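Please work through the following exercises with the model open beside you. Try each task on your own before you read the solution that follows it.

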Amino acid sequence: MPLRLYNTLTKSTQDFVPIDPTGAVRFYSCGPTVYDDAHIGNFRSFLNADLLRRTLELCGYQVRHVMNITDVGHMTEDDNADGGGEDKMSLAGRRIAEAKKSGKLPAGADIDPSNPYAVAEFYASRFLEDARHLGLKVAEEERTQPQLMPRPTRCVKEMIALVSALIARGNAYVASDGVVYFSVTSFAAYGQLSGNTLDKLREGEGGRIDAAHQAVKRHPADFMLWKPDPTHIMRWPSPWGEGYPGWHLECSAMAEMLLGDEIDLHSGGEDNIFPHHECEVAQSCCASGLPHFSRVWFHTRHLQVEGEKMSKSKGNFFTARDLFAKGVTPAALRLELTRTHYRTNSNFTMQGLRDSQRMIDRWCAADAALLARENDGAVGVGPMQRALAEFKAALEDDLNIARSVSVINIAISEPPSGSAHEERAALARMNSVLGVLERNAPLVAESDDLATKVEALLEQRKQARAAKDFAASDRARDELTALGVRIKDTPQGTTWERAV
RNA sequence: GGCCGAGUACCCAAGCGGUCUACGGGAGCGGAUUGCAAAUCCGUAAUUCGCGGGUUCGAAUCCCGCCUCGGCCUCCA
């Protein structure tokens, strides 16, 4: 069965057909901006891209996956598409400087807050750490192939070349204010991806157009490609003066540099559809002269938290590391952020996180049981091997992960049979997409302090139980519960873990 | 105002015209186990799919209208 994917460009689900049937699938993902830690909404988008990549691999494709790490600081008041306000990287620097002063600087961070490159590097390394914990394959590959996660600050040359090409082809112009703009009327297909065609843009307006900048542009929707600004915190020399690139430019330039003029897949969050991806299409197609930039556009819908929009003021804003620090396993977070279909809004809840953890625990137990009977001599096909085809079919159906998860659950509830080795291999194959079995452990090391207390209480309880003083043993257990510890009595003794 | 999505049990969620008295998971409830719990195992839940019409022999699934929620309309994953 062919892989079928929904394509934002055609608003329909279609068979995936790679450009190069013998080579690798060319896949570009819009990655994080590194002037702050990535939050769980960001990670839903990145993890869905990873899920797609792993599904492609399950289907037998080789994948060249590129994800940028945006280290140029976009403007805080980027509301006129022409730059303005403060650079977000310098804002981040100020935040770090304040944290430094108040002694709240994260561990291991001794950086110069006035150096935007250092600020970017600081958050980029934290992002890579989070991403590797969550099993983002491209972040793992980055260790040996750093070019797979390019940084715009290192690709300014390519961006300048792209702007030059667009000017030469008549798709861009230098306006009277010295800024280079892309001319949207020069690209007939502008609006095809988002539905925001030029006539509709004019109707809608949206109140975010700054009249001062409009005067110099040929069309209100024309967007900036290069802004000369000799005072800017990050700036590079260019034929149009020292300044900085427009914020849509980096993806077009880096995708072309690393994957070619035409790519198979491009992913991002739904908010990227317009203007970011619409502008990328315009830039890339005009520069290459090809009718398509990416054949398929893959967009993940937004994540809500406890039924509400995630926001810092509502107190429902989480970064991945916030949750890891609470003892949430990367596996549970990975599953929770991906198990809702990518084209529906998903609702992140603490209860959901526990549900995910529960499923993973059962899968791990099933895996351990298979390992335990690897030498029992059983042969043949069991539930896992039978499940594999349906698991794959579910994912091939526009990444129907909920169904693929239910396939595993059904297989696990069946009586085990067949060759344990083969069964385990089938489970591993399914897990190669889900990526949870190998990361089902909390990242926070329990403090020695807590461990000591817990061990003491467990010993107390053990003695009380031996003496049949159940009131005392229950008291010990209540104290453990108060410490946030859950205990489990097993034939091998009592184990404990931090309750999430 | 324009353009997109979504509404299924207490919660998450599959379903794409008949095989749906609707897959899974969690919570709950009953039982086994346990000193009591936790964990585990067994059993158990919507005759109904936001509301109202329509098409059809047949609709959660298609069409129309309405309501609610979310996204985009130049910050945002």
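**Exercise 1.** In this predicted model, find the order of the strands in the open sheet of 4 strands, and explain why one side of S5 and of S8 is left without a neighbour.

*Solution.* Begin with the strand order, which reads S5-S6-S7-S8, with antiparallel pairing. Next, look at the edges, where strand S5 (172–174) and strand S8 (243–245) stand; each has a single partner strand, and therefore one side of each lacks a neighbour in the sheet. Then consider the twist: ignoring direction, neighbouring strands of this sheet are turned against each other by 20 degrees on average.

**Exercise 2.** Describe how S7 is joined to S8, and which helix packs on the sheet.

*Solution.* Strand S7 (residues 223–228) runs antiparallel to S8, and 3 bridges join the two. Within this pairing, Lys 227 has Tyr 244 of S8 opposite to it. The helix that packs on the sheet is H5 (residues 156–168), which touches S5, strand S6 (180–182), S7 and S8, and whose direction makes about 120 degrees with that of S7.

**Exercise 3.** Characterise the second largest pocket by its volume, its lining and the domains that contribute to it.

*Solution.* Start with the volume, which is about 520 Å³. Of the 19 lining residues, Gln 357, Arg 358, Asp 361, Arg 486 and Glu 497 are the closest to the centre of the pocket. Sorted by class, the lining holds 5 nonpolar, 4 polar and 10 charged residues. Helix H12 provides the largest share of the lining, 7 residues. Finally, domain 2 (304–439) and domain 3 (448–498) each give at least three residues to this lining.

Terms used. Residues are numbered from 1 along each chain as its sequence is written. Chains are lettered from A and ligands numbered from 1 in the order in which they are written. This is a predicted model: local features need pLDDT of at least 70, side-chain atom pairs count only at pLDDT 80 or more; totals for chains, interfaces and linings use all residues. Side-chain values use heavy atoms; hydrogens and water are left out. On a 1 Å grid over the protein atoms alone, a cavity is a set of points where a 1.4 Å probe fits but cannot get out, and a pocket is an open set with protein on both sides within 12 Å along at least five of seven lines; lining residues have an atom within 4 Å of a point. Grid points are joined across faces, edges and corners, and a volume is the space filled by probe spheres set on the points. Ala, Val, Leu, Ile, Met, Phe, Trp, Tyr, Cys and Pro count as nonpolar, Asp, Glu, Lys and Arg as charged, and the others, Gly among them, as polar. Domain bounds come from an automatic or database domain assignment. Two strands pair if DSSP finds at least two bridges between them. Axes are lines fitted to C-alpha atoms, for helices over the stretch in contact, and angles run from 0 to 180 degrees between N-to-C directions. Contact means heavy atoms within 4.5 Å.
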